[in-house]
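Got the model open in your viewer? Switch to a cartoon view, and let's walk through it one selection at a time.

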Amino acid sequence: THTVIRRRLSGDGVSLGAEMYLRADLLHIDDIELSELEGVNLRTYLEAQLGQRAHLLTTRVSMEPLPLRQAAMFDMKPEATVFRIEARTALSDGSPFYQQAIFAHADDVLLEF
């Protein structure tokens, strides 16, 4: 029922990992050329594909040891302390859009609100 998009992101010497869970009925991932997703803001790309904007429902930031599974997927240091930034969104009609978790080594980033 969900499409999972996992990406390794990097810039300014910082490596991040991101997992996005998206309703499978919203987007046919097999029809997308993966190179289209490189270096783009995935949220704005998806909004353009759907012709709708995401509405942020919740954002949660926590610090935790990086789980081994995510460390392997994102080629990051296992068990290092990371910021886990989770966001949950909806479409304008209130239906779920996506949920995303971004993992960033706490020693590599400065988190500002």
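Start with the sheet: five strands make an open sheet in the order S1-S2-S5-S4-S3, with antiparallel pairing. Its edges are S1 and S3, each of which pairs on one side only. Going from one strand to the next, the twist averages 15°. Keep in mind as you click around that this is a predicted model.

**The whole chain**

Now colour everything by secondary structure. You should find two helices along with the five strands, and reading along the sequence gives the pattern β-β-α-β-α-β-β. The radius of gyration is 15 Å, close to the 13 Å from the globule rule for 113 residues, so the protein is as compact as a globular protein of that length. The C-alpha trace spans about 40 × 30 × 25 Å along its principal axes. Of the 113 residues, 38% are buried. Among contacts with a separation of 6 or more, 56% are between residues 24 or more positions apart.

**Select 81-90**

This is strand S4. How many of the ten residues of S4 are buried? Seven are, so the strand is largely enclosed by the rest of the structure.

On one side, S4 runs antiparallel to strand S3 (residues 55-65), and ten bridges join the two. Show a couple of pairs here: Arg 60 has Glu 86 as its bridge partner in S4, and Val 61 stands opposite Ile 85.

Then add residues 96-105, which form strand S5; S4 and S5 pair in the antiparallel sense over eight bridges. Look for Phe 83, which stands opposite Ala 104 in S5. Follow the chain round the hairpin of S4 and S5, where five residues lie between the strands, and stop at Gly 94: this glycine takes a positive phi near 90°.

**Select 42-50**

Next up is helix H1. H1 packs on the sheet and touches S1, S2 and S5; the direction of H1 makes about 165° with that of S5. Which residues of H1 are buried? Show the side chains of Leu 42, Tyr 45, Leu 46 and Glu 47 to see them. The spacing has a familiar logic: an α-helix has 3.6 residues a turn, so residues three or four places apart point the same way. Strand S1 (2-11), strand S2 (14-23) and S5 are included in what covers the buried residues of H1.

Check both ends of H1 while you're here. At the N-terminal end, Asn 41 acts as a cap, with a side-chain oxygen 2.9 Å from the backbone nitrogen of Arg 43. Just after H1 comes Gly 51, with a positive phi of about 70°.

**Select Gln 70**

Gln 70 sits in helix H2 (residues 68-74). Is Gln 70 buried or exposed? Its relative accessibility is 6%, so Gln 70 counts as buried. Its side chain makes a polar contact of 3.3 Å with the side chain of Glu 19. Leaving aside residues up to four places away in sequence, Gln 70 touches Glu 19 and Phe 103.

**Last stop: 4-100**

Finally, highlight residues 4-100. UniProt lists this span as "domain: UbiC transcription regulator-associated", in an unreviewed entry. The span is 16% helix and 45% strand, and its end C-alpha atoms lie 10 Å apart.

Terms used
Residues are numbered from 1 along each chain as its sequence is written. This is a predicted model: local features need pLDDT of at least 70, side-chain atom pairs count only at pLDDT 80 or more; totals for chains, interfaces and linings use all residues. Side-chain values use heavy atoms; hydrogens and water are left out. UniProt positions are given in the numbering used here, feature names are shortened, and annotations may be inferred rather than shown by experiment. Helices (H or I, at least four residues) and strands (E, at least two) are DSSP runs, numbered from the N terminus. Buried means under 20% relative accessible area, exposed over 50%, partly exposed in between (1.4 Å probe, protein chains only). A polar contact is a pair of N or O atoms within 3.5 Å; within protein, one must be able to donate a hydrogen and the other to accept it, and residues adjacent in sequence count only if both atoms are side-chain atoms. Contact means heavy atoms within 4.5 Å. Two strands pair if DSSP finds at least two bridges between them. Axes are lines fitted to C-alpha atoms, for helices over the stretch in contact, and angles run from 0 to 180 degrees between N-to-C directions. The radius of gyration is taken over C-alpha atoms; the globule rule is 2.2 Å times the number of residues to the power 0.38.
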